[in-house]
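Here are some notes for a colleague who is opening this entry for the first time. Please read them with the structure in view.

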Amino acid sequence: MDEFGLRKAVESDLQEIIRLWKQNIKTINTASDIADFFHHSTNYFFVAVSTSESTEEKLMGFVGGAIRGGHGHISGIAVDTEYRNRKVGEKLIKAVERKFIDDAFETVTLEVRKSNRDAMRFYELQGYQPSHIVKGYYADGEDALVYAKKI
Ligand SMILES: CC(C)(COP(=O)(O)OP(=O)(O)OC[C@H]1O[C@@H](n2cnc3c(N)ncnc32)[C@H](O)[C@@H]1OP(=O)(O)O)[C@@H](O)C(=O)NCCC(=O)NCCS
């Protein structure tokens, strides 16, 4: 099993973050939308990288945060299928939460598609609680469930 480490994302990670985002998250966001999120909030983007000596550094997953309405917000998180269930997602969430804490934010929010039960289970295990539904939040008309966590 590959070892992995976490670090802040840098500009040269952007193409891989776009790939991870579009490949793993049901979204209509374009590469240019994702690049805009990244450039507005680079400080809140973290990547998980494999650190096995035999291979080149490889991005296994990312988390992208932002500041929204005076609190921390998770805009996207994804781990490539082959690296799931190894606590990569958990470590990514913890990294962005630590950054929000360092910057004196007290709450983190995020939205999940109502159909994405796997992600709901994952977020609930990380201490997020369902708050309310936003009808038709996504461009294809699907409702979002908003989650929040006090950090
Ligand atoms: C959600 C996601 C990031 C989780 O990443 P991961 O690295 O596999 O998660 P972890 O290994 O850190 O799991 C942490 C905990 O969540 C649980 N969990 C993770 N994925 C789960 C799933 N699909 N269903 C149920 N529980 C899940 C794990 O069992 C683990 O629980 P434990 O602490 O009791 O052992 C990953 O499944 C993913 O990229 N999904 C597609 C993208 C997506 O839906 N993103 C969210 C919407 S933006």
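The points below go from the overall fold to the surroundings of the ligand.

1. Please keep in mind throughout that this is a predicted model. The protein contains 4 helices and 7 strands, and when they are followed from the N terminus, the order of these elements is β-α-α-β-β-β-α-β-α-β-β.

2. As to overall dimensions, the C-alpha atoms of the protein occupy a box of roughly 45 × 35 × 30 Å along the principal axes. The radius of gyration is 15 Å, which agrees with a compact globule, because a chain of 151 residues in that form would be expected to have a value near 15 Å.

3. On packing, buried residues account for 28% of the 151 residues in the protein. When contacts between residues at least 6 apart in sequence are considered, 58% of them join residues that are at least 24 apart.

4. Which residues are closest to the ligand? The ligand is surrounded by 20 residues, and the closest of these are Arg84, Gly89, Glu90, Asp118 and Ala119.

5. Turning to the elements behind this shell, β4 (71–79), α3 (88–102) and α4 (117–125) each contribute at least two residues to the shell around the ligand. Of the elements, α4 gives the most, with 5 residues.

6. The character of the shell around the ligand is mixed, since its residues divide into 9 nonpolar, 5 polar and 6 charged.

How values were computed
Residues numbered from 1 in each chain as written. Predicted model: local features only at pLDDT ≥ 70, side-chain atom pairs only at ≥ 80, totals over all residues. Rg over C-alpha atoms; globule rule 2.2 N^0.38 Å. Buried ≥ 20, exposed ≤ 12 C-beta atoms within 10 Å, placed from the backbone. Contact = placed C-beta atoms within 7 Å. Near = placed C-beta within 6 Å. Nonpolar A, V, L, I, M, F, W, Y, C, P; charged D, E, K, R; others polar.
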